[in-house]
Amino acid sequence: DQANLMQPMPDWLPKFDVIFLRNVLIYFDNEAKAEIVRRVLGHLKPNGVLYTGHAESLSTLSLPVRTLATAIHGHA
């Protein structure tokens with residue numbers, strides 16, 4: 001099965017403890033980045049961790065995440 005980051009996440013997709021989006025978001029504009037992160041956050045378990053690439057900042061996107069360390073985020 002497949003999931004497309006530009007589409008709503010499939011219902012069959014479970015919740016995860018860790019999601020890696022390393023070096024993925026650099027290919028999208030800010031609006032698309034924010035939508036992608038919101039979609040994947042819906043599949044992140046409470047206290048789960050989202051990893052992005054070091055060149056990918058989420059700080060300007062007004063997302064419900066808290067930065068735990070460089071490129072490591074938790075759901076706010």
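Author: Let's start with a term we need: a strand is a DSSP run of type E with at least two residues, and strands are numbered from the N terminus. Histidine 75 lies in one of these, strand E4. Please keep in mind that the model is predicted.

Reader: What makes up the secondary structure of the protein?

Author: There are one helix and four strands. Read from the N terminus on, the order of the elements is β-α-β-β-β.

Reader: How do you know how compact the protein is?

Author: By setting its radius of gyration against the globule rule. The radius is 12 Å, close to the 11 Å that the rule gives for 76 residues, so the protein is as compact as a globular protein of that length. Its C-alpha atoms fill a box of roughly 30 × 25 × 20 Å along the principal axes.

Reader: How much of the protein is buried?

Author: Buried residues are 37% of the 76 residues. As for the accessible surface, the total is about 4,900 Å², and carbon and sulfur atoms hold 51% of that.

Reader: Back to histidine 75. Why is it called partly exposed?

Author: The relative accessible area of histidine 75 is 29%. Buried means under 20% and exposed means over 50%, with partly exposed in between. Since 29% falls in between, histidine 75 counts as partly exposed.

Reader: What does histidine 75 touch, beyond its neighbours within four places in sequence?

Author: Histidine 75 is in contact with Leu41, Leu44, Gly48, Pro64 and Arg66. With proline 64 there is also a polar link: the backbone oxygen of proline 64 lies 3.5 Å from a polar atom of the histidine 75 side chain. Proline 46 is another residue to look for: it is 29 residues from histidine 75 in sequence, yet their C-alpha atoms are 7.1 Å apart in space.

Reader: Why is histidine 73 called buried?

Author: Histidine 73 also has its place in strand E4. The relative accessible area of histidine 73 is 4%. The cut-off for buried is under 20%, and 4% meets it, so histidine 73 is buried. Its list of contacts, again without residues up to four places away, includes Gly48, Val49, Leu50, Leu58 and Val65.

Reader: Which side chains make polar contacts with that of histidine 73?

Author: One is threonine 52, at 3.3 Å. Another is threonine 67, at 3.5 Å. A polar contact calls for N or O atoms within 3.5 Å.

Reader: How do you know that aspartate 17 and lysine 45 form a salt bridge?

Author: Their side chains meet at 3.8 Å, N to O. A salt bridge requires a Lys or Arg side-chain nitrogen within 4 Å of a carboxyl oxygen of Asp or Glu, so this pair qualifies. Aspartate 17 lies in strand E1 and lysine 45 in strand E2, so the bridge ties together parts that are 28 residues apart in sequence. Aspartate 17 is partly exposed at 48% relative accessibility, and lysine 45 is partly exposed at 32%.

Reader: How many salt bridges does the structure hold?

Author: It holds two. Arginine 38 and glutamate 35 also meet in a salt bridge, at 3.4 Å, N to O. These residues are three apart in helix H1, which means that about one helical turn separates them.

Reader: How do you know how the span of helix H1 compares with the expected one?

Author: Helix H1 covers residues 30–41, twelve in number, and reaches 16 Å from its first C-alpha to its last. At 1.5 Å a residue, 16 Å is expected, so the span is close to the expected value. At the start of H1, a side-chain oxygen of aspartate 29 comes to within 3.2 Å of the backbone nitrogen of glutamate 31.

Reader: What covers the buried residues of H1?

Author: The cover includes strands E1, E2, E3 and E4. The residues beneath it are Ala32, Lys33, Ala34, Ile36, Val37, Val40 and Leu41.

Reader: What makes the phi of alanine 71 worth a look?

Author: Most residues other than glycine have a negative phi. Alanine 71 is not a glycine, yet its phi is positive, at about 65 degrees. Alanine 71 lies in the loop between E3 and E4. Asparagine 23 has a positive phi too, of about 60 degrees, and it lies in the loop between E1 and H1.

Notes
Residues numbered from 1 in each chain as written. Predicted model: local features only at pLDDT ≥ 70, side-chain atom pairs only at ≥ 80, totals over all residues. Heavy atoms only, no water. Buried < 20%, exposed > 50% of the residue type's maximum accessible area, 1.4 Å probe, protein only. Contact = heavy atoms within 4.5 Å. Polar contact = N/O pair within 3.5 Å; in protein donor to acceptor, adjacent residues only side chain to side chain. Rg over C-alpha atoms; globule rule 2.2 N^0.38 Å. Areas by Shrake-Rupley, 256 points an atom, 1.4 Å probe, with all protein chains shown as cover.
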